[in-house]
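This briefing is meant to be read alongside the sequence and the coordinates. It moves from open space to nonpolar packing, and then to a few individual residues.

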Amino acid sequence: MGSLQLFDILSVLLIQQAEVIGNAPDWSFNPDFLFKILLSALSGLLIGLEREFKGKDAGLKTNMLVSLGACVFILLSIKFFGDEFVDKTRVLSQVIIGIGFLGGGVILKKNDTIHGLTTAATVWCSAAAGCIAAFYLITDLALFTGLVVCINIVFGLVDKRVGNRKSND
C-alpha cells in the first residue's frame, strides 16, 4: 500500500469522524503559523544555548519546547478569539501558571543554598519568548531574547567573581 493510498484512507476516516463530531479537519497550510513556531523555537534555542554550555538541567530542548509550547497555546487562543467565552489573556495567564510549576521542579535546596533559580527564571523567559512570537512581535522578540541571553552570560560571570570573593574570605 502506497503512502498516498494510506493518506487517502486516513483522510476519509477523519472526514467521516468529523461529521460525527461536527467539524471537518482543516488541512490547509498556514505559513504564518509555521513562521511563528519557528521564531519561538529559534528564540528558545538561543536562550537554551547558554544553559546548555553551562551544563544546566534545563538546556536546549527544555527551553525550545517551553517556548514552542507557549507559542502554540497562544496561537490557539488567538484562533478562537471572538468566539463566545474566549479570552486570549486567560490562556496567557495559564501559560504563566503552568511554567511556574515547571520552574518549581528545577529549584532545589541543598544544605544552606538554593540551586536552580536562574534556570527556573530562564525557563519562564523562554515561555515569554514563545508568547511574544505568537503575537508576531519580531523586533520585541529579538530584543527580549538578546537581553535574556546577555543577562545570563554577563551576570553569570559577575556571579562567579562575587562567589569567588565570598569563598576566599
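The points below cover the largest pocket, the largest nonpolar core, one aromatic residue and the cysteines.

The model is predicted, and the descriptions that follow should be read with that in mind. Its largest pocket has a volume of about 770 Å³, and its largest nonpolar core is made up of 21 residues.

**The largest pocket**

- The lining of this pocket, whose volume is about 770 Å³, consists of 25 residues, and the closest to the centre of the pocket are R51, K56, T118, T119 and D159.
- Strands β1 (108-110) and β2 (113-115), together with helices α5 (117-134) and α6 (138-168), each supply at least two of the lining residues.
- Helix α6 gives the most to this lining, contributing nine residues.
- Sorted by class, the lining residues comprise eleven nonpolar, seven polar and seven charged ones.

**The largest nonpolar core**

- Among the 21 residues of the core, those that touch the most other members are C71, V95, I99, A127 and L141.
- Five helices, namely α2 (31-53), α3 (60-79), α4 (88-104), α5 and α6, each supply at least two residues of this core, and α5 gives the most, with seven residues.
- V95, one of the core members just named, touches A70, F73, I74, A127 and C131 when residues up to four places away in sequence are not counted.
- As general background, nonpolar side chains in soluble globular proteins tend to be buried together.

**F35 and its surroundings**

- F35 is located in helix α2, and its relative accessible area is 37%, so it is classed as partly exposed, the range between under 20% for buried and over 50% for exposed.
- Once neighbours within four places in sequence are left aside, F35 is in contact with Y136 and I138.
- F35 and A133 lie 98 residues apart in sequence, while the distance between them in space is 9.0 Å, C-alpha to C-alpha.

**Cysteines**

- How many disulfides does a search of the whole structure find? The search finds zero.
- C125 has a relative accessible area of 21% and is therefore counted as partly exposed, since buried would require a value under 20%.
- C150, at 44% relative accessibility, also counts as partly exposed, because exposed would require a value over 50%.
- C71, by contrast, is a member of the largest nonpolar core and is listed there with the residues that touch the most other members.

Key
Residues numbered from 1 in each chain as written. Predicted model: local features only at pLDDT ≥ 70, side-chain atom pairs only at ≥ 80, totals over all residues. Heavy atoms only, no water. 1 Å grid on protein atoms, 1.4 Å probe; cavity = no way out; pocket = protein on both sides within 12 Å on 5 of 7 lines; lining within 4 Å. Points joined across faces, edges and corners; volume = space filled by probe spheres on them. Helix = DSSP H or I, 4+ residues; strand = E, 2+ residues; numbered from the N terminus. Nonpolar A, V, L, I, M, F, W, Y, C, P; charged D, E, K, R; others polar. Core = buried A, V, L, I, M, F, W, Y, C linked by side-chain atoms within 4.5 Å. Buried < 20%, exposed > 50% of the residue type's maximum accessible area, 1.4 Å probe, protein only. Contact = heavy atoms within 4.5 Å. Disulfide = S-S within 2.5 Å.
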